[in-house]
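Student: I have a model open on my screen and would like to learn how to read it. Could you walk me through it?

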Amino acid sequence: MDKIKIIGGKKLKGKIYISGAKNAALPLICASLLTEDTVTLTNMPMLSDIKAMNALLTQLGTQIDEFNDFVDGHPTKTYSYRTPQATSLTADYDYVRKMRASYYVLGPLLTRYGKCELSLPGGCAIGARPMDIHLSSLEQMGAHIEIKNGYVHASVDGRLKGCKITFRTVSVGATCNLLMAATLAEGTTILENSAMEPEIGDLATLLNDMGAKISGIGTSVLTIEGVEKLHGATHKVIADRIEAGSYAVAAAITRGKIELINAQEWTLSRPLQILKDMGVSIETTPHSIIVDAQDRDLVGKDIMTEPFPGFPTDLQAQFLVLMLTAKGASMVTETIFENRFMHVPELLRMGADINVHGHASAIVRGVEKLSGAQVMATDLRASFALILAGLIAEGTTIVNRVYHLDRGYEKLEEKLKGVGALIERIKESDEE
Ligand code: UD1
């Protein structure tokens, strides 16, 4: 397995192009299953999760074409998806096991074909992550749901029926799945307590461009008037706010200055406010965010993860590492997932001062220095947190299990090298 080697101590300076958002792209790809026409997605990030979703759609009968493209002068991928008729309505264990977002095929297949079989995703490193809200909401729309041999067997007689659904918890996945299912349902569906993450607005925008009738975009109440048919459309994927936030921390933690090209301020207002409160300068231009922490002493700040527009759980690990370089103590509280401090034991091995209380909170105290070590993480964002620790640690840090990073950070080493980091990938074949 590949590893990443970092020699710490460099101030990062320069520009980083922020890629299209993985968490927007995954449901957008699945939205293409709703029509027989072509759906074209531009500004797609080149990530293993996208390849995994493309492999699943290919197995379902989607024809996919890939093009090299440029967005704002930066090389990206464009994919076009066409599913005249699905040849399979089953998402097998082997796909779902590799990527839980495979469950986004459920809403589209069920609403277009009246049937879908989906291997039920298990828990993962950050928590149990059940699918009960997706399933009970589809049942409210008239679906029959049975769980047998590890699979969800979903079917409906005729079309799904529009109704009012109040989600018991704010769920990004359930909101996307139900939004897609409701587009082709009979009658009007109202989704209350919907997630408001920018990726959901991006999905709703594509669906409306395909002929759906969705109102309330950007709010917690989405109203969807079902239509009989959707058509093709072309859509540019929004910039990845989590990637942008991660590199904003890279600038702050190394006391450097990075311009995040294409990053959108409104998608990151809470994390940027935290950075400002800590003493980092944030400047927004029409096409970028400039994060400047040169010659600054930072002070600790408490953070608590919440659904959008609150502080995102996907930036918790990165900000926790940043707090290690700030004066005083900071309390980090995780409210979305039950097991999201798995990076802490690895940081302790590098000299961090962190006390985890139960599963929900951690007290982080500023330390003089971290020292490089061999580390590994159990999930994507925690792996980036270890990269950040490596950027400021004395000596060499080796981050193992790089496949986590390849799921969600496009051209990670190239982007960090471009702003001056001493970082390289050690290929498995380079090792003895
Ligand atoms: C998505 C993101 C993930 C992010 C998370 C929260 C993608 C591909 N993934 O994950 O990166 O960390 O949002 O912003 O976009 N829950 C239930 N029952 C359900 C569904 C969810 O209890 O049926 C719970 C979850 O266990 C969790 C909370 O609701 O505690 C929020 O989860 P959810 O928003 O659904 O996360 P994902 O969509 O899986």
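Tutor: Happily! Let's start with one term: a polar contact is a pair of N or O atoms within 3.5 Å. Keep in mind as well that this is a predicted model.

Student: With that cut-off, how far is an oxygen atom of the ligand from an N or O atom in the side chain of Asn-23?

Tutor: The distance from that ligand oxygen to the Asn-23 side-chain atom is 3.1 Å. Backbone atoms take part too: a polar backbone atom of Ile-133 is 2.8 Å from an oxygen atom of the ligand. Then there is Ser-171, with a polar side-chain atom 2.6 Å from a ligand oxygen. As for cover, the ligand on its own has 740 Å² of accessible area, and the protein covers 87% of it.

Student: How many residues surround the ligand, and which are the closest?

Tutor: The shell has 19 residues, and the closest are Asp-132, Ser-171, Val-172, Asp-314 and Ile-336. Sorted by character, the shell holds 8 nonpolar, 6 polar and 5 charged residues.

Student: Which helices each supply at least two residues of that shell?

Tutor: Look at H5 (132-140) and H6 (172-183), which each do so. H5 gives the largest share, 3 residues.

Student: And why does the ligand lie between domain 1 and domain 2?

Tutor: Both domains give residues to the shell, so the ligand lies between them. Domain 1 is made of 3-19 + 239-431, while domain 2 spans 22-236.

Student: Now the strands. What should I look for when two of them pair?

Tutor: Look for the bridges and for the direction of the two strands. Strand E1 (residues 3-7) runs antiparallel to strand E24 (residues 422-426), with 5 bridges joining them. One place to see this pairing is Ile-6, whose bridge partner in E24 is Ile-423.

Student: How many bridges link E1 with E23?

Tutor: There are 4 bridges, and E1 and E23 (residues 396-400) are antiparallel. Here Lys-5 has Ile-398 of E23 as its bridge partner. A general idea helps when you view such strands: in a regular strand the side chains alternate between the two faces of the sheet.

Student: Which strand runs parallel to E18?

Tutor: That is E19 (residues 329-333), joined to E18 (residues 303-304) by 2 bridges. In this pair, Ile-303 is matched with Val-332 of E19. Together with helix H10 (residues 316-323), these two strands make a right-handed β-α-β unit. E19 also pairs with E21 (residues 361-365), in the antiparallel sense and over 5 bridges. There, Ser-330 stands opposite Val-364.

Student: Last topic: how do I spot unusual backbone angles?

Tutor: Start from the general rule: most residues other than glycine have a negative phi, and most peptide bonds are trans. Asn-43 has a positive phi, near 60°, and its place is in strand E3 (residues 38-44).

Student: Is the peptide bond from Phe-308 to Pro-309 cis or trans?

Tutor: The bond is cis, with omega near 10°. You will find Pro-309 in the loop between E18 and H10, two elements of the β-α-β unit we just looked at.

Terms used: Residues numbered from 1 in each chain as written. Predicted model: local features only at pLDDT ≥ 70, side-chain atom pairs only at ≥ 80, totals over all residues. Heavy atoms only, no water. Pairing = 2+ DSSP bridges. Right-handed = clockwise from strand over helix to strand, strands pointing away. Near = heavy atom within 4 Å. Polar contact = N/O pair within 3.5 Å; in protein donor to acceptor, adjacent residues only side chain to side chain. Areas by Shrake-Rupley, 256 points an atom, 1.4 Å probe, with all protein chains shown as cover. Nonpolar A, V, L, I, M, F, W, Y, C, P; charged D, E, K, R; others polar. Domains from an automatic or database assignment.
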